[in-house]
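Reader: I'm new to this one and would like to go through it slowly. Could you put it up, so that I can ask as I go?

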Amino acid sequence: MALDDLNAIADEALLALYAKGDAAAARVLTHRLTPRVFAHAYRLLADQGEAEDVAQEALLRLWKQAPDWRQGEAKVTTWLFRVVANLCFDRKRSRRSRGVQVPIDEVPEPADPHEGAADALQQRSRLMALEAALIALPERQRQAVVLRHIEGLGNAEIGEIMGVGTEAVESLTARGKRALGKILSGKREELGFSDE
Amino acid sequence: MSSSEDDKADLALEDLFALARDDTPLPASQLVSRVLMDAEAYLPPQAAAAPVRRKKRSLLARFWPQDWVSPMGWAAAGLGATMVTGFWIGVNPPAGLSDSVAPYLQGAGLVVPDSQFLDDPFAGFELDLEEV
């Protein structure tokens with residue numbers, strides 16, 4: 001099947017093709033899912049290297065799972081987000097148990113190609129502030145807020161990923177947002193929100 | 001916080017979320033290569049072409065080893081032909097053969113001399129055909 005045709009196919013159907021040994025399906029799935037899985041891992045960990053390791057591990061589990069994948073039971077991305085969250089939280093716990101902590105102020109700032117432009121700098125500092133505030137949230141609240149407000153998923157799918165009902169999702173999201181507001185309230189002027 | 005301050009905080013958060021949505025962190029290109037290598041390493045073998053359906057084998061063939069069927073078949077056919085020929089020779093023996101073999105068969109009690117039949121073929125049944 002041509003790559004253009006495969007690009008129009010849903011993840012689940014592509015995974016079924018992969019399970020039948022279709023190398024083109026493997027390429028399309030890799031290019032489609034790797035950025036999404038990596039981005040989610042990065043938002044939960046705020047660490048480029050660790051997020052890459054988690055993304056690779058999560059996708060490796062998907063390839064291994066492909067022959068036994070039950071069509072119609074779960075979306076591939078739902079399954080992946082669940083695996084990514086588990087891997088991220090395992091890493092954070094093991095990091096804590098080894099006594100490694102990344103203080104909020106030391107979250108590395110990625111190189112900005114537009115450095116020098118005032119707006120771009122302000123946007124970058126706003127993003128860094130949000131990243132740092134998210135890292136300060138309890139794991140479940142952070143996961144719920146990221147899935148709802150950044151990944152843009154609905155409560156039902158978030159509930160499926162987190163293994164809870166929609167009411168619990170709403171509660172976690174609301175508490176997460178409140179906590180974020182408190183963390184960021186002292187930085188509103190610094191982030192340029194005071195006059196908006 | 002007052003209600004208006006809450007609203008401002010909410011708006012600020014929504015702005016931050018929108019910024020984060022637009023600023024998707026990108027993986028290094030090596031990550032995509034590594035993931036693709038994994039995908040290819042675990043790619044299941046392609047399903048082979050549909051196997052040619054084998055003809056249904058006879059019951060005999062199923063229990064009889066394949067390489068025996070040919071020689072044993074010929075042997076069985078030969079045995080059958082011999083039996084049919086022997087039976088036919090017994091029923092309708094060629095003239096020369098009956099003269100030379102008859103004494104042996106009579107000696108063994110296997111053949112009754114024709115003369116007995118010629119005298120009265122129904123003598124042994126004690127039938128009175130005239131009454132019928």
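Reader: How much area do chain A and chain B bury between them, and what percentage of it is on carbon and sulfur atoms?

Author: This is a predicted model, in which local features need pLDDT of at least 70 and side-chain atom pairs count only at pLDDT 80 or more, while totals for chains, interfaces and linings use all residues. As for conventions, residues are numbered from 1 along each chain as its sequence is written, chains are lettered from A and ligands numbered from 1 in the order in which they are written, and side-chain values use heavy atoms, with hydrogens and water left out. With that said, chain A and chain B bury about 3400 Å² between them, and 69% of it is on carbon and sulfur atoms. Buried area here is the accessible area (1.4 Å probe) that two parts lose on being put together, summed over both.

Reader: Which residues of chain A lose the most area to chain B?

Author: They are A:Glu52, A:Gln56 and A:Arg188, which together account for 14% of what that side buries.

Reader: And how many residues of each chain are in contact?

Author: On one side 41 residues of chain A are in contact with 32 residues of chain B on the other, where contact means heavy atoms within 4.5 Å.

Reader: How many polar contacts and salt bridges go across?

Author: Between chain A and chain B the count is 11 residue pairs in polar contact, both residues being at pLDDT 80 or more. A polar contact is a pair of N or O atoms within 3.5 Å; within protein, one must be able to donate a hydrogen and the other to accept it, and residues adjacent in sequence count only if both atoms are side-chain atoms. The rule also finds 3 salt bridges across this interface, a salt bridge being a side-chain nitrogen of Lys or Arg within 4 Å of a carboxyl oxygen of Asp or Glu.

Reader: Which helix of chain A gives the largest share of the side that touches chain B?

Author: That is helix 3 of chain A, with 11 residues. Helices (H or I, at least four residues) and strands (E, at least two) are DSSP runs, numbered from the N terminus. The residues of the side of chain A that touches chain B divide into 20 nonpolar, 9 polar and 12 charged, where Ala, Val, Leu, Ile, Met, Phe, Trp, Tyr, Cys and Pro count as nonpolar, Asp, Glu, Lys and Arg as charged, and the others, Gly among them, as polar.

Reader: Back to the salt bridges: what does A:Asp53 pair with?

Author: A:Asp53 forms a salt bridge with B:Arg34, and the closest N and O atoms are 3.7 Å apart. A:Asp53 lies in helix 4 of chain A and B:Arg34 in helix 2 of chain B, so the pair joins two chains. Both A:Asp53 and B:Arg34 also belong to a network of salt bridges with A:Glu50 and A:Arg91.

Reader: Are those two buried or exposed?

Author: Neither term fits: A:Asp53 is partly exposed, at a relative accessible area of 36%, and B:Arg34 is partly exposed as well, at 28%. Buried means under 20% relative accessible area, exposed over 50%, and partly exposed in between (1.4 Å probe, protein chains only).

Reader: What about B:Glu14, which residue does that one pair with?

Author: B:Glu14 forms a salt bridge with A:Lys177, the closest N and O atoms being 3.1 Å apart. The pair crosses between chains, from helix 1 (residues 3-22) of chain B to helix 9 of chain A. B:Glu14 is partly exposed, with 32% relative accessible area, whereas A:Lys177 is buried, with 19%. Another salt bridge joins A:Arg124 to B:Asp23, where the closest N and O atoms are 3.5 Å apart.

Reader: New topic: what is chain B made of, and how confident is the predictor there?

Author: Chain B has 6 helices and 0 strands, and buried residues make up 13% of its 132 residues. Its mean pLDDT, the predictor's confidence in each residue from 0 to 100, is 73, and 47% of its residues reach 70 or more. Within chain B, confidence is highest in helix 2 (residues 29-41), at a mean of 96, and lowest in helix 6 (residues 114-119), at 54. Where pLDDT is low, the predicted coordinates should not be read in detail.

Reader: And what does the model score for ipTM and pTM?

Author: The scores are ipTM 0.83 and pTM 0.66.
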